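Please read the following report alongside the sequence and the structure. It treats a sheet, a pair of helices and the relation of two copies.

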There are 2 protein chains.
Amino acid sequence: MYDLLRGMRIVEGAAFIAGPSCGLHFSQLGAEVVRFDTIGGGPDAKRWPLADNGASFYWEGLNKGKKSVAIDLSRPQGRELAQRLATAGDGLFVTNYPVDGFLSYDKLASLRPDLINLRVMGWVDGTPAVDYTINAAVGVPLMTGPVDSPSPVNHVLPAWDLLTGAYGAFALLAAERDRRATAKGREIRLALSDIAAATLGNLGQVAEVLAQDGDRKRNGNDLFGAFGRDFVTRDGKRLMIVAITRRQWEKLVEVLELGPAIRQIEANMGVSFAEDEGARFTHRTLLNPLVEAALAEHIADSLAPLFDAAGICWSRYQSLAEAVANDDRLFRGSEIFNEVSHPGGGRYPTPGCAARLPQDDRRAAAPSPRLGAQTDEVLAEWLGMSSGEIGALHDQGFVA
Amino acid sequence: MYDLLRGMRIVEGAAFIAGPSCGLHFSQLGAEVVRFDTIGGGPDAKRWPLADNGASFYWEGLNKGKKSVAIDLSRPQGRELAQRLATAGDGLFVTNYPVDGFLSYDKLASLRPDLINLRVMGWVDGTPAVDYTINAAVGVPLMTGPVDSPSPVNHVLPAWDLLTGAYGAFALLAAERDRRATAKGREIRLALSDIAAATLGNLGQVAEVLAQDGDRKRNGNDLFGAFGRDFVTRDGKRLMIVAITRRQWEKLVEVLELGPAIRQIEANMGVSFAEDEGARFTHRTLLNPLVEAALAEHIADSLAPLFDAAGICWSRYQSLAEAVANDDRLFRGSEIFNEVSHPGGGRYPTPGCAARLPQDDRRAAAPSPRLGAQTDEVLAEWLGMSSGEIGALHDQGFVA
C-alpha cells in the first residue's frame with residue numbers, strides 16, 4: 001500500500017479476476033475503491049479456493065482494501081442505485097457487466113458525461129468467454145506440454161485475466177490524465193480476446209506463423225530460441241537453467257566445465273554458441289545431454305552457490321507450498337507480504353502492492369471487506385444520502 | 001494507437017519483454033517513446049522468432065512506434081550520453097539495467113531530482129531471473145499438465161514478464177500523476193519475483209496451501225473449482241467448455257439434454273450443481289463422462305450455433321496458425337490489427353492498442369524503428385545538441 005493515488009475515488013462493479021484485480025491495483029496505490037455486489041454476493045462470491053468455513057480465499061484476495069456496498073441488483077430500484085454509484089466519486093467505473101445492459105456506457109454517460117468507464121469483456125463482440133476459452137482459441141494449449149503430447153495442455157495461471165486487469169488499470173489512468181486536460185469522458189472496452197491476440201502479435205508470433213506458413217513446433221520444457229530447460233541433479237533435484245545472454249552462456253559452460261566438449265560441437269557444426277543464442281536452440285539435442293550429464297554429477301546444494309556466484313540464471317523447481325514454507329525471498333520473508341486477518345476468519349500472509357518504492361513509506365496490506373460493510377458509509381458520503389433515506393433503503397431490502 | 005497520452009515523452013533503456021512491453025503500452029496510447037540501444041543492438045536484438053533474413057519478429061513486435069537511438073554503451077562517454085537521455089523528456093525512464101550500475105536511480109536522480117524511474121528486475125535482490133526461472137520457483141509448472149505427469153510442465157506464455165510490463169505502465173503513470181501534485185521523483189522497483197508472489201497471493205493460492213497444509217493437486221485440463229475441461233466431438237474436434245455461473249451450467253445441461261442424468265446424480269449425492277459451482281468440480285468424475293458422451297454424439301459445426309444461441313461459454317481449440325488464418329474475430333479481421341511494413345523487410349498483420357475506445361479515433365498500428373533511425377533527431381530535439389556536436393559524436397563512434 002502506497003499513497004500515490006490518495007484521494008482518487010473509483011467504483012467497481014465486476015466479478016472474477018480481470019475487473020477486480022484492476023480495482024485492487026488502484027486500492028494498493030492508495031485510491032479509495034468502492035465495490036458493489038448484489039446482496040448475498042455476486043457470481044464470484046464463492047469461487048474456490050475456499051477456507052474450511054466456506055469463505056472464498058479468491059474473493060478475499062482480489063478485493064483487499066476495497067469498500068463493499070451490497071445492493072439488490074435484481075430490482076429496478078437497486079439497479080438505479082447502482083447506476084448512481086457507478087457515476088459517483090471521480091467518475092471512474094470498472095465493470096465487466098454487458099455492453100448493453102443497465103450499466104451500459106450510454107446509460108451511465110447520460111448521468112455523468114465525463115465518466116470514464118473501463119469495461120472488461122470476454123470476446124469483443126459480447127460472446128461469453130473466460131481465460132480458459134480464449135487461451136484455447138489462440139493456440140497456447142497446443143504449444144504447451146511435452147513434445148509428443150497427444151492433446152492440448154491448458155495453462156493454470158489465468159494470464160489473460162491478469163494481464164487485462166493490469167493493462168486496464170493503465171488505460172483507465174491514462175484516460176483520467178487526458179480528462180484533466182480535455183474534460184472528455186469515454187468508454188474503454190478491453191476484451192480478453194483482444195488482449196490475447198495483441199500480445200501474441202507483440203511477441204512476434206503472428207508474424208512467425210505467417211512467415212513459416214504454420215505453427216511453431218511444441219518444444220516441451222525447452223526455452224524457445226536460446227538455451228534453457230529443466231535438468232536433474234545427482235540428488236534428484238530439478239533445476240530450471242537458462243542462458244539467453246552471452247554472459248549467461250559462457251558462465252554456465254565455465255561452471256559446468258563444458259568448454260572442451262562445447263568447442264568440439266562448435267567446430268563440428270561451424271557455429272559459435274556464445275555469439276548466436278539461436279544456435280543453442282537449434283543444436284539443443286547436442287547441448288542438453290552435456291548439461292544433463294554435468295548436472296548428474298553435482299548435488300544441488302553444492303551447485304547453487306557456484307551458480308549464484310557466477311551470475312547464472314537458474315532456479316530450483318519448487319511447489320507453491322514449498323516456496324511458501326521455505327523461500328523467504330517470495331512470501332513470508334518478503335516485505336510485500338504481512339499477516340492479515342480477513343473477515344472470513346482467516347489470518348494469513350497477504351500481499352500488498354507488488355512494486356517497491358524505496359523513496360516512499362509502505363503501509364501494510366489491507367484486509368478484504370465483509371460484504372456490505374461500508375454500504376451506509378458510502379451511501380452517505382458518496383451519494384449524500386441522509387440517514388433517513390438510507391434507513392428506508394434497508395427497510396425495503398434494497399441494500400444490506 | 002490513440003492520443004490519450006499525446007505529448008508525454010518517455011525514455012526506455014530495456015531489453016526482452018517486461019520493459020519494452022511497458023514502453024509499447026505508452027507508445028500505443030500516444031506517448032513519444034525513445035528507446036536507446038547499444039550500437040548494433042542489445043541482448044534482445046536477435047531474439048527468436050526470426051524472419052528468413054534474420055530480422056527479429058520479437059524485437060519488431062515489442063518496439064513498434066518507438067524512436068530508436070543507438071549509443072556505444074561500452075565506453076564512458078556513451079554511458080554518460082545515456083544518462084543524459086534517461087533524464088531528458090518528461091523525466092520518465094523505464095529500464096531493466098541493474099540497480100547499482102551506471103543507470104542507478106541515485107546517479108540519475110542527481111541529474112534530475114524529479115525523475116520517475118521504473119526498474120524491472122528479476123529477483124528483487126538483484127539475482128538474475130527470467131520468466132521461466134521465476135515460474136519454476138513459485139510452483140506453476142508443478143500445477144500444469146496431466147494429472148499423472150512425472151515432471152513439471154513449463155508455461156510457454158511469458159505471463160510474468162507481460163504482467164510486469166502492464167503493471168509497470170500503471171505504476172509509472174500513477175507516479176507521474178502524483179508528481180504533478182508533489183513534484184516528487186522516485187524509483188519504482190518491479191521484480192518478476194514480487195509480481196509472481198503477489199499474484200498467487202491475490203488469487204487466494206497462498207492462503208489455500210497454508211490452510212490445507214500442502215499443494216493443490218494437479219487437475220490436468222480441468223478448471224479448478226467449477227465445471228470446465230476439453231471435450232471431443234463426434235467429428236474429432238476438441239472444445240473447451242466452461243460453466244462457472246449458474247446460467248452457464250443450466251444452459252449447458254439444457255442444450256446437451258442432460259437434465260435427467262444430472263438430477264439423478266444430484267439426488268444420489270445430495271447436491272445442487274446449479275447452486276454450488278464447487279460441487280461441479282468435486283463430482284467431476286461423474287459429470288465429465290456425461291458431457292463426453294453427449295459431445296461424442298454431435299458434430300462441432302452443428303453444436304456451435306446451439307452453444308452460441310444459449311450463451312454457453314466455450315471455444316474450439318485451434319492452433320495459432322489456424323486462428324490467424326481462419327478466425328476473423330482475432331487477427332486479420334480485427335480492427336486492432338492492420339498490415340504494417342517493418343524495417344526488417346516484413347509486412348504482416350500488426351496489432352495496435354489492445355483496448356477499443358468507441359469515443360476516440362483509432363490510428364493504425366505503427367512499425368518498429370530501424371536501430372538508430374532517430375538518433376540525430378532525438379539528440380537535437382531532446383538534448384538540444386547542435387548538428388556540429390552530433391556530427392562529432394558520430395565521428396568518434398559514440399552514436400550511430
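How many bridges join strand 8 of chain A to strand 9 of chain A? Strand 8 (residues 238-243) and strand 9 of chain A run antiparallel and are joined by 4 bridges, and A:L239 stands opposite A:R316 in strand 9 of chain A. This is a predicted model, in which local features need pLDDT of at least 70, side-chain atom pairs count only at pLDDT 80 or more, and totals for chains, interfaces and linings use all residues. Residues are numbered from 1 along each chain as its sequence is written, chains are lettered from A and ligands numbered from 1 in the order in which they are written, and side-chain values use heavy atoms, with hydrogens and water left out.

Helices (H or I, at least four residues) and strands (E, at least two) are DSSP runs numbered from the N terminus. Two elements pack on the strands, contact meaning heavy atoms within 4.5 Å, and angles running from 0 to 180 degrees between N-to-C directions, with axes fitted to C-alpha atoms, for helices over the stretch in contact.

| Helix | Strands of chain A touched or crossed | Angle |
|---|---|---|
| Helix 10 (residues 246-255) of chain A | strand 7, strand 8 and strand 9 | about 130° to strand 8 |
| Helix 5 (residues 131-138) of chain B | strand 8 and strand 9 | about 15° with strand 9 |

Helix 5 (residues 131-138) and helix 8 (residues 192-202) of chain A pack at about 40°, with their axes 10 Å apart, and are therefore oblique to each other (neither under 35 degrees, roughly parallel, nor over 145, roughly antiparallel, nor 65 to 115, roughly perpendicular). Their contact involves residues including A:I134 of helix 5 and A:L200 of helix 8 of chain A.

Methods. Pairing = 2+ DSSP bridges.
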